[in-house]
Amino acid sequence: MKPKVYFTRSLEPSAVVKLYGLVGKELKGKVAIKLHSGEPGNQNFLGPDFWSPIINHVGGTAVECNTAYDGARNTTEKHLKTLSEHGWSKYFDFDLLDAEGPDMVLDIENGKRIKKNYIGKNIESYDSMLVLSHFKGHPMGGYGGALKQLSIGLASSYGKAYIHGAGEPEKIWTADHDSFLESMADAAKSVVDYFKNEIVYINVMKNMSVDCDCCAVAEDPCLSDIGMLASTDPVAIDKACLDLVYASEDEGKSHLIERIESRNGVLTVHAASALGIGSEEYELIEI
């Protein structure tokens with residue numbers, strides 16, 4: 001059977017809760033809710049006001065990891081300040097997974113480019129995960145969605161450099177580009193395997209800039225909002241988002257498509273599918 005991807009054109013925060021319910025998977029035990037804290041200065045990221053209904057509904061703990069580049073989130077001290085300024089730690093239980101080392105090291109069975117993944121060690125406290133992704137472009141990955149959240153998003157600061165460098169963190173910005181994209185798929189597989197598929201994914205196609213929420217200076221959105229999707233399959237949900245971009249009648253889509261194609265972003269989807277963590281074929285159910 002093809003995995004189901006539920007889709008709504010609504011962008012009301014309450015609709016996220018409805019989507020989550022339609023997926024029909026009850027997340028067990030202590031739930032980690034992976035989100036993007038947003039780089040200060042970025043105008044496009046989705047904040048506590050948007051995500052609060054689903055976070056409160058699930059009752060889990062919001063989680064993030066430090067970055068591997070200069071900015072306001074690359075050290076625990078600075079990141080905790082950003083979490084406070086953006087309102088996350090004010091309204092929700094929040095866990096900066098790699099606030100203190102050492103990292104958790106996950107083996108990657110059959111990884112094509114990397115065999116280990118370094119993630120925030122506090123993840124060991126959780127039994128399941130809800131991955132909240134803001135779908136948009138990305139300066140290096142072409143696009144950012146569920147697979148990026150699973151990989152770069154959950155990697156520690158060192159782990160992010162390790163993935164970017166395709167196993168050589170000192171080559172964080174100079175590694176072979178396609179090897180980096182495939183490394184993201186490898187890292188995503190390790191997290192899926194760790195949680196034994198006890199994960200639900202929600203992608204929001206709103207404020208779709210060509211730039212990531214990690215950019216302090218980001219371009220404004222280039223095409224109109226499309227909607228929100230939910231699934232238990234990270235490959236299917238990202239592929240569905242890409243397909244919706246291509247199917248859009250908004251002429252602004254060409255700007256985002258150029259970003260995706262110039263970075264070969266779909267390779268991460270292909271690589272993750274080849275690793276067996278999801279399917280590029282899916283059933284889209286519009287509600």
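## Getting to know the helices and loops

Lys196 has a relative accessibility of 65%, so Lys196 counts as exposed. (Exposed means over 50% relative accessible area, buried means under 20%, and partly exposed is in between, with a 1.4 Å probe and protein chains only.) The model is predicted, so local features need pLDDT of at least 70 and side-chain atom pairs count only at pLDDT 80 or more, while totals for chains, interfaces and linings use all residues. Residues are numbered from 1 along each chain as its sequence is written, and side-chain values use heavy atoms, with hydrogens and water left out.

**Exercise 1. Find where Lys196 and Asn264 lie, and state the sign of phi in each.**

Step 1. Look between H7 and E10: the loop there holds Lys196. (Helices are DSSP runs of H or I with at least four residues, strands are runs of E with at least two, and both are numbered from the N terminus.)

Step 2. Check the backbone. Lys196 isn't a glycine, yet its phi is positive, near 50°. For background, most residues other than glycine have a negative phi, and most peptide bonds are trans.

Step 3. Now go to the loop between helix H9 (253–262) and H10, where you'll find Asn264. Asn264 isn't a glycine either, and its phi is positive, near 60°. With a relative accessible area of 30%, Asn264 is partly exposed.

**Exercise 2. Which residues of helix H1 are buried, and which exposed residues sit on the face turned away from them?**

Step 1. Walk along H1 (residues 13–23) and pick out Ala15, Val16, Leu19, Tyr20 and Val23, which are buried.

Step 2. Look down the axis of H1: these buried residues fall within an arc of 145°, so they line one face of the helix. (The arc is taken from the directions running from the helix axis to the C-beta atoms.)

Step 3. Turn to the face pointing away from the buried side, and you meet the exposed residues Ser14, Lys18 and Gly21.

Step 4. See what covers the buried residues: the cover includes strand E1 (4–8), helix H2 (48–58), strand E7 (128–134), strand E10 (199–205) and strand E11 (227–231).

Step 5. Step past the end of H1 to Gly24, where phi is positive, near 80°.

**Exercise 3. Describe how H7 and H10 pack, and name the residues that make the contact.**

Step 1. Start with the axes. Helix H7 (residues 177–194) and helix H10 (residues 266–274) have axes 8 Å apart, at an angle of about 45°. (Axes are lines fitted to C-alpha atoms, for helices over the stretch in contact, and angles between N-to-C directions run from 0 to 180 degrees.)

Step 2. Class the angle: H7 and H10 are therefore oblique to each other. (Under 35 degrees is roughly parallel, over 145 roughly antiparallel, 65 to 115 roughly perpendicular, and the rest oblique.)

Step 3. List the partners. H7 brings Asp178, Leu181, Glu182, Met184 and Ala185, and H10 brings Leu267, Thr268, Ala271 and Ala272. (Contact means heavy atoms within 4.5 Å.)

Step 4. Sort these residues: six are nonpolar, one is polar and two are charged. (Ala, Val, Leu, Ile, Met, Phe, Trp, Tyr, Cys and Pro count as nonpolar, Asp, Glu, Lys and Arg as charged, and the others, Gly among them, as polar.)

Step 5. Stay with H10: its buried residues are Leu267, Thr268, Val269, Ala271 and Ala272. Their cover includes strand E9 (142–144), H5, H7 and helix H8 (234–247). Just after H10, Gly276 has a positive phi of about 90°.

**Exercise 4. At what angle do the axes of H8 and H9 cross, and which residues make the contact?**

Step 1. The axes come within 9 Å and cross at roughly 135°. That makes H8 oblique to H9.

Step 2. H8 contributes Leu242, Val245, Tyr246 and Ala247, while H9 contributes Lys253, Leu256, Ile257, Ile260 and Glu261.

Step 3. By class, the contact has seven nonpolar, no polar and two charged residues.

**Exercise 5. Which two residues does a cis peptide bond join, and what does Lys30 touch?**

Step 1. The cis bond links Gly101 and Pro102, with omega about -5°. Pro102 sits in the loop between strand E4 (94–96) and strand E5 (104–107).

Step 2. Lys30 is in the loop between H1 and strand E2 (31–34). At 40% relative accessibility, Lys30 counts as partly exposed.

Step 3. Leaving aside neighbours within four places in sequence, Lys30 contacts Thr61, Ser125, Tyr126, Asp127 and Ser128.
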